[in-house]
Each structure stands twice: as structure tokens, then as C-alpha cells.
Amino acid sequence: MQKTVTGYSCALLAVVIWSGNFVVARAVAGLIPPWQCNFWRWLIALIILLPFAKRHWHTDWPAIKKNWRGLSLLGILGVTLLNTLIYKAGQTTESINMALLVPTAPIVILILSRVLYGEPISPRRMAGVLVVLVGVATLVSRGDWDRLAHLRFNEGDLWALGGVLSFGLYSLFIRQRSPDISPIGFSVTTFALGLLYSLPFTAIEAVMLPTPHLSTPLVIGVLYTGIGCSALSFWLWTVAIDYIGPVRAGMVYYSLPVFAGIAAMLILGEIVTPAQMVGGALVITGIIVATVVMPQRHKTDLMQQRP
């Protein structure tokens, strides 16, 4: 019982911290460009995790060298691109919309599994996919169906959907992760590779755009994402998976838009519109319909989710 309570508590705290990532993306949009924001976030997380990975390095290194191509791909998808796209989205769309769009990744995983591996999609899952698509359409159109018909979408929503695609591919390919690499070694390696591949784009952005003005909100935002959303939430989510399993932890993850919406209203003064409430309800309902499997009939293997 104590492990169950601890597991749910860790999962919930991780989700609450992750929900703040979308608020930060919106808050720092005018303070620092997306590539630089993403780079400093993961550099901070890497520095924090390195001491903990040191004792695993000797045993992990042979498998890391053997699997460097796959690790590079995961680093590009999960570190180089994912949050860069979210921070880019924050320049032109609301925190609430980003928080509602990003959790659609399980639906993207279902579709990509069908396209890449030929895995069947049951009628129930297809129904869930369709409900999510209607929810996403409601969000990106802001409830204006004429806008949807003429494809006049908010640019930020499209960047956020790019982040969803990146995370979907990351979650799909992480299934092939070598079991010979410890979780902490895997994280440090993908963090480092993702930073390496983002370095040229970060440098180009730094040369072409004005230097960010160092300010308290900017420092707090970058530290929050680096320490909280990356290093601390990683540890909390790992504990949650160990104690309650990926299925029940995944269900807690779907509460992320609720906390992101509350934070956006309290910190940024964003107003939740009827279209966002309807679209969010459709998205969450569709995800649950498509991904939740009755335990007595099937064994589910939901991937660990990380914004």
C-alpha cells in the first residue's frame, strides 16, 4: 500500500512539474530563442545527472559504443528536437493548447506502429484515434470550423504538433533500447548526443539573433526546465514506473493539461476558452479509449512519457 501511494505521488508530482514546461515555453518566448533555451535546459540536466551515472559508465560503455547510431536517433528526437519545437510553439500559441496537443503522442504511436511495423489498430482504438483527431481539430481551429476548412491554423499549433510527432517517434524507437545500458546511462548518453547535434543550430541562432538579456524570469525559467522538468521529473517518473507500473503511471500523465491550464491561468493570465475545454475533453477521452487496455484481457506496454 505504501509503495502504491508513493508511486502515484511521484507520478503526480512529475506531471505537475512537467505541466510547467508549457508555461515556461510561453513565458520565455520573447526572452530567449528556442534553440538556446533547449540547449541550456538539457545542459543543466546533463550536469546534474553525470555524477549519478559515473558508477555505471564502465559497464554501459561497450553497449553505448555498439548502439551509438540508435542512441543518436533517440537523442535527436527526444533532446535536439522535441522541446525546441515546444519552445518555438510558445512564441505564437497558448500554453493550454500546447499542453493539450502534446499528450496526443500515444495516438501518434498507434498510427506510426501501423505504418512502420504493420501493427493492427482495433476498432476501439480507431474510434479513440478519431475522437482525438476531432479534439485536435477543435483546438487548432479555436472552434472556428470555417478557419479549419481553409487551413488557417495557428503557426504555434503546428510547431507543437511537430513536437508530438517527434515524441511519438522517440517513444516508438525507444522500444529497441539495449537492455545492456542502465536507465541513467541511457539518459546521460541521449542528453549528451542530443546536445551535440543541437550545437550547430544553437550556434547559428546565437550569431544571427540578438543575445538574450539575462533576467530573473529567464534564469528561473531555464533552471526550472533543466532541474525540474528534466533531472527531477526523470527520477520521479522512474520511481513511479517501478512502484505502480507504466499503465497506471500513464493514466496519471493524462492529467497534465489540467495542471498546465491552472498554471497558465494563475501565472500568465491565460483564459480557457470553450473550444479548448471541448477540444481538451475530446483529446483526453480519445486517448483513454485508444490506449487503455483491460488488464484481465491484455498486457499493456505503454512507453514512459516525457515532455
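## A look around an all-helix chain

At 5% relative accessibility, F186 counts as buried, because the cut-off for buried is under 20%. The model is a predicted one, and F186 is a handy place to start walking through it. This residue is found in helix α10, which covers residues 183-208. Setting aside anything within four places in sequence, F186 touches L71, L74, Y170, I174, R177 and I181. There's a link across the sequence here too: F186 and I64 are 122 residues apart along the chain, yet their C-alpha atoms are 8.2 Å apart in space.

Stepping back for the overall picture, the chain has 13 helices and 0 strands. Read from the N terminus, the order of elements is simply α-α-α-α-α-α-α-α-α-α-α-α-α. Of the 307 residues in the chain, buried ones make up 52%. As for how contacts spread along the sequence, take those between residues at least 6 apart: 88% of them join residues at least 24 apart.

**Two helix pairs that share α4**

Two packed helices are described by the angle between their axes and the distance between the axes. Here are the two pairs, side by side.

| Helix pair | Axis angle | Axis distance |
|---|---|---|
| α1 (residues 2-27) and α4 (residues 68-89) | about 55° | 7 Å |
| α4 and α10 (residues 183-208) | roughly 70° | within 7 Å |

Start with α1 and α4, which pack at an angle of about 55°. That makes α1 oblique to α4. On the α1 side the contact is made by N21, F22 and A25, and on the α4 side by N83, I86 and Y87. Sorted by type, the residues of this contact come out as 4 nonpolar, 2 polar and no charged.

Now α4 and α10, whose axes cross at roughly 70°. That makes α4 roughly perpendicular to α10. From α4, the contact draws on W68, L71, S72, L74, G75, I76, V79 and T80; from α10 come F186, T189, T190, F191, L193, G194, L195, Y197 and S198. So F186, our starting point, is one of the α10 residues in this contact, and L71 and L74 of α4 turn up among its own partners. How do the residues of the contact of α4 with α10 divide? They split into 10 nonpolar, 7 polar and no charged.

K88 is another residue of helix α4. At 26% relative accessibility, K88 counts as partly exposed. Beyond its sequence neighbours up to four places away, K88 touches P34, E155 and W159. K88 and A25 are 63 residues apart in sequence, with a C-alpha to C-alpha distance of 7.9 Å; A25 is one of the α1 residues in the contact of α1 with α4.

**R41 and T225**

Which helix holds R41? It's α2, residues 34-53. At 0% relative accessibility, R41 counts as buried. R41 also lies over the face of W42, at 4.6 Å from the ring centre. Along the chain, R41 and C229 are 188 residues apart, while their C-alpha atoms are 8.8 Å apart in space.

R41 is also a contact partner of T225, along with N21, V24, Y87 and S230, once neighbours within four places in sequence are left aside. T225 lies in helix α11, residues 216-253. Like R41, it has 0% relative accessibility and counts as buried. Two of the partners of T225, N21 and Y87, are familiar names: N21 belongs to the α1 side and Y87 to the α4 side of the contact between those helices.

**D60 and Y117**

D60 sits in helix α3, residues 57-66. Is D60 buried or exposed? Its relative accessible area is 2%, so D60 is buried. Leaving out neighbours within four places in sequence, D60 is in contact with D180, I181, S182 and G185. Of these, I181 is also among the contacts of F186.

For contrast in accessibility, try Y117 in helix α6, residues 105-117. At 40% relative accessibility, Y117 counts as partly exposed. With neighbours within four places in sequence left aside, Y117 is in contact with L112, L172, F173 and Q176.

One last item concerns the aromatic rings. A pair of aromatic rings is described by the distance of the centres and the angle of the planes. Counting rings whose centres lie within 6.5 Å, the total comes to 5 aromatic pairs.

Conventions:
Residues are numbered from 1 along each chain as its sequence is written. This is a predicted model: local features need pLDDT of at least 70, side-chain atom pairs count only at pLDDT 80 or more; totals for chains, interfaces and linings use all residues. Side-chain values use heavy atoms; hydrogens and water are left out. Rings of Phe, Tyr and Trp (its six-membered ring) pair if their centres lie within 6.5 Å; planes under 30 degrees apart count as stacked, over 60 as edge-to-face and the rest as tilted. A charge sits over a ring if NZ of Lys or CZ of Arg is within 6 Å of the ring centre and within 35 degrees of the ring normal. Axes are lines fitted to C-alpha atoms, for helices over the stretch in contact, and angles run from 0 to 180 degrees between N-to-C directions. Helices (H or I, at least four residues) and strands (E, at least two) are DSSP runs, numbered from the N terminus. Angles under 35 degrees count as roughly parallel, over 145 as roughly antiparallel, 65 to 115 as roughly perpendicular and the rest as oblique. Contact means heavy atoms within 4.5 Å. Ala, Val, Leu, Ile, Met, Phe, Trp, Tyr, Cys and Pro count as nonpolar, Asp, Glu, Lys and Arg as charged, and the others, Gly among them, as polar. Buried means under 20% relative accessible area, exposed over 50%, partly exposed in between (1.4 Å probe, protein chains only).
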